[in-house]
Amino acid sequence: MQNWEKIIEGCKGNDRKSQEQLYRYFFPPMMTLCMRYCKSEEEAITILNNGFLKVFKKIDTYHFNGSFEGWVRRIVFNCLSDYFRKENLRLKFLILEDYNATIPAESIEKLYEEDLLRLIKKLPSSSAEVFILYAIEGLSHKEIASKKQISEGTSKWHYSEARKKLRELILIQKTNYYHAK
């Protein structure tokens with residue numbers, strides 16, 4: 001078990017050992033988050049290192065309110081988003097690997113981050129929250145269940161329902177796009 005207060009205070013004091021401890025501890029889960037959206041490990045590491053740089057620059061704004069890991073995750077995710085926006089690349093939040101109801105890749109590729117977020121806002125709030133925590137922030141169903149005080153099965157159900165509804169919304173959007181032409 002890490003003594004996060006001591007490590008965070010060390011990072012606030014620009015202590016290199018504390019920074020290294022934080023980096024080594026959070027590198028694996030944050031790398032997993034980055035690899036969900038990046039095509040190469042090199043790209044993911046670049047974004048992740050920029051994220052850690054921001055974490056160290058902004059660490060004095062963390063006041064031990066809420067989850068520290070969530071705070072770090074939010075900063076790294078914002079770095080991901082900024083990178084794709086800056087590079088004018090499309091950020092795919094959805095991985096639609098359902099074999100029964102596949103959606104053509106070209107329709108997903110036409111969706112930009114803002115479009116996907118707009119569609120996510122149309123979901124029932126509990127399902128949208130679970131979807132964001134799982135698919136975007138990279139939390140496990142176990143972590144979501146603990147955070148939301150629900151069972152893992154309920155978390156999985158909300159995620160599944162969110163994916164189904166998003167598929168429907170994407171198909172409606174695609175249909176409307178083609179009818180407008």
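Biologist: Which side chains meet in a salt bridge at 3.8 Å, N to O?

Modeller: Those of E9 and K12. Keep in mind as we go that this is a predicted model. To read such a contact, look for a side-chain nitrogen of Lys or Arg within 4 Å of a carboxyl oxygen of Asp or Glu.

Biologist: Where do E9 and K12 lie?

Modeller: Both belong to helix α1, which spans residues 4–12. The two residues are three apart, about one turn of the helix. As for their surroundings, E9 is partly exposed at 42% relative accessible area, and K12 is partly exposed too, at 29%.

Biologist: How many salt bridges does the structure hold?

Modeller: There are six. Let's visit another one, in helix α2 (residues 16–35).

Biologist: Which residue forms a salt bridge with R24?

Modeller: That partner is E20, and the closest N and O atoms are 2.8 Å apart. Here the spacing along α2 is four residues, again about one turn of the helix.

Biologist: Is R24 buried or exposed?

Modeller: To decide, compare the relative accessible area with the cut-offs: under 20% is buried, over 50% is exposed, and values in between are partly exposed. R24 has 60%, so it counts as exposed. E20, at 40%, is partly exposed.

Biologist: Which residue meets the side chain of E129 in a salt bridge?

Modeller: K148 does, with 2.9 Å from N to O. This pair links distant parts of the chain, as E129 sits in helix α7 (residues 125–136) and K148 in helix α8, 19 residues apart. Both ends are partly exposed: E129 has a relative accessibility of 36%, and K148 has 23%.

Biologist: Since we have reached α8, which of its residues are buried?

Modeller: Helix α8 covers residues 141–148, and H141, I144 and A145 are buried there. A good way to read a helix is to ask how its buried residues are arranged around the axis. These three cover an arc of only 100°, which is why they fall on the same side of α8.

Biologist: And which exposed residues does the face turned away from that buried side carry?

Modeller: On that face of α8 you will find K142, S146 and K147, which are exposed. Try turning the structure so that you look along the helix, and find both groups.

Biologist: What follows α8?

Modeller: Next comes Q149. Check its backbone angles: the phi of Q149 is positive, near 55°.

How values were computed:
Residues are numbered from 1 along each chain as its sequence is written. This is a predicted model: local features need pLDDT of at least 70, side-chain atom pairs count only at pLDDT 80 or more; totals for chains, interfaces and linings use all residues. Side-chain values use heavy atoms; hydrogens and water are left out. Buried means under 20% relative accessible area, exposed over 50%, partly exposed in between (1.4 Å probe, protein chains only). The arc is that of the directions from the helix axis to the C-beta atoms.
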